[in-house]
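Below are my notes on the model, set out as numbered points. Please read them with the structure open.

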Amino acid sequence: MMKERKTTSAPKGSLLKQAKLLISEYPVPTLFIIISILAIPASGFSAGYLIQELITRLVRNSFLVLSLIIPIMAGMGLNFGMTLGAMAGQIALIFVTDWNIIGLNGLFLAMILSIPMSLIFGYATGQILNKAKGREMVTSFILAFFANGIYQLIVLYGMGSVIKIGSNALVLSRGYGIRNAVNLINVRQVMDNLIPLKIFGINVPLATFMFITLLCLFILWFKKTKLGQDMRAIGQDMAVADAAGIAVEKTRITAIIISTVLAGIGQVIYLQNIGTMNTYNSHEQIGMFSIAAILIGGATVSKAKIGNVFLGVILFHLMFIVSPMAGKNLIGSAMLGEYFRVFISYGVISIALVLHAWKRLKEQERARAGLQGGDSPTEEAEA
């Protein structure tokens with residue numbers, strides 16, 4: 001009888017231990033799950049409405065967030081420079097709209113046009129980040145601000161004067177410069193509506209999900225290639241990878257180029273879903289919100305998986321949907337929910353960067369202690 005009791009009580013203890021371990025390893029997703037559980041009933045939204053909104057935001061944002069995985073794998077951290085790829089996608093959409101190319105032809109042409117621009121932007125970004133090893137995230141963050149100034153100059157003054165724009169609907173009344181809002185009616189939701197599917201009254205953009213699935217399969221395949229293995233080696237230890245004969249700087253540039261190209265295509269998918277482009281602001285929050293989403297999904301500055309992307313997009317945007325209404329119903333002010341979600345998105349990134357810096361500092365201290373004759377972590381474990 002005693003043996004039977006031990007066998008029945010053991011799984012409960014192990015299950016509790018696993019739950020504690022899961023919470024300690026993934027505190028941010030756990031926190032957001034708790035916030036969502038509390039906020040959903042307070043918002044008053046129906047299950048059908050929430051599911052439809054989450055599906056819409058999944059197809060809208062997932063491709064952009066997936067573009068962050070490869071630089072993280074290469075040890076370059078969170079690529080705030082993905083904003084440059086978003087700018088390339090927007091410039092491509094302006095040209096496609098001006099040329100009045102409609103439907104899937106216009107959408108895929110915009111993707112194709114964004115690629116050469118993203119290649120140039122990604123190569124330049126990679127070169128700069130190679131000069132700032134160890135500070136890639138801060139450098140790419142500032143670089144995005146600098147590139148935004150050049151983008152504003154080109155779109156506000158170059159287009160219509162130096163770069164020919166034929167459509168009067170795009171150009172400002174003064175004769176040059178693109179209007180604040182561009183109507184993307186020619187490509188609006190053409191991918192989302194390509195294969196219509198309705199399940200229990202919920203619209204599922206099957207074609208867009210298939211396109212995102214292809215990117216997931218590409219990332220899984222890429223990790224197994226020689227280049228992918230080289231990036232993982234660089235991410236683990238740059239000095240060891242260099243000693244092993246891996247072209248570290250060239251490989252790091254390649255990682256940023258791939259990320260920038262994917263971000264450009266992702267921005268085209270994002271904007272075709274919305275149907276309208278805010279010429280001067282659509283790209284500004286893309287990097288920040290994508291990075292917040294992947295961190296909320298349980299990723300770190302040095303490790304990210306595809307599962308982190310989808311979990312993060314669901315949790316992050318679930319909070320975006322329910323927090324304003326929950327704030328209005330509980331306190332009488334929807335703005336409080338808006339402030340809360342913005343605070344959380346920036347706060348999560350700040351905490352992740354602080355934890356990353358703290359972890360690196362501890363690793364350096366342990367390395368110095370080992371060189372000075374102190375006990376190494378492995379020796380302590382053996383003792």
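1. The largest cavity has a volume of about 40 Å³. A search of the whole structure, which is a predicted model, finds one cavity of 30 Å³ or more.

2. Which residues line the largest cavity? The lining consists of L93, V96, T97, I101, L184, N186 and V187. By class, five of these residues are nonpolar and two are polar, with no charged residue in the lining.

3. Helix α5 covers residues 82–98 and helix α6 covers residues 103–130. Their axes lie 8 Å apart and the helices pack at an angle of about 145 degrees. The crossing of α5 with α6 is right-handed. On the α5 side, the contact is made by L84, G85, A88, G89, I91, A92, L93, F95 and V96. On the α6 side, the contributors are G106, L109, A110, L113, S114, M117, S118, F121 and T125. Twelve residues of this contact are nonpolar and six are polar, and no charged residue takes part. Two residues of α5 deserve a second look: L93 and V96 belong to the contact with α6, and L93 and V96 also appear in the lining of the largest cavity.

4. Helix α3 (residues 47–66) and helix α11 (residues 248–274) have axes that come within 7 Å and cross at roughly 160 degrees. An angle over 145 degrees counts as roughly antiparallel, and α3 and α11 are therefore roughly antiparallel to each other. Their crossing is left-handed. From α3, the contact draws on T56, V59, R60, N61, F63 and L64. From α11, it draws on L262, A263, I265, G266, Q267, I269, Y270, N273 and I274. The contact of α3 with α11 divides into nine nonpolar residues, five polar and one charged.

5. How do α9 and α11 lie, and what angle do their axes make? The axes of helix α9 (residues 226–236) and α11 come within 10 Å and cross at roughly 110 degrees. Angles of 65 to 115 degrees count as roughly perpendicular, so α9 and α11 are roughly perpendicular to each other. In α9 the contacting residues are L227, D230, M231 and I234. They meet V248, T251, R252, T254, A255 and I258 in α11. Here six residues are nonpolar, two are polar and two are charged.

6. Helix α11 thus enters two of the contacts described above, with residues including L262 and I265 facing α3 and residues including V248 and I258 meeting α9.

Terms used
Residues are numbered from 1 along each chain as its sequence is written. This is a predicted model: local features need pLDDT of at least 70, side-chain atom pairs count only at pLDDT 80 or more; totals for chains, interfaces and linings use all residues. Side-chain values use heavy atoms; hydrogens and water are left out. On a 1 Å grid over the protein atoms alone, a cavity is a set of points where a 1.4 Å probe fits but cannot get out, and a pocket is an open set with protein on both sides within 12 Å along at least five of seven lines; lining residues have an atom within 4 Å of a point. Grid points are joined across faces, edges and corners, and a volume is the space filled by probe spheres set on the points. Ala, Val, Leu, Ile, Met, Phe, Trp, Tyr, Cys and Pro count as nonpolar, Asp, Glu, Lys and Arg as charged, and the others, Gly among them, as polar. Axes are lines fitted to C-alpha atoms, for helices over the stretch in contact, and angles run from 0 to 180 degrees between N-to-C directions. Helices (H or I, at least four residues) and strands (E, at least two) are DSSP runs, numbered from the N terminus. Angles under 35 degrees count as roughly parallel, over 145 as roughly antiparallel, 65 to 115 as roughly perpendicular and the rest as oblique. A crossing is left-handed if the near helix is turned anticlockwise from the far one by less than a right angle, and right-handed if clockwise. Contact means heavy atoms within 4.5 Å.
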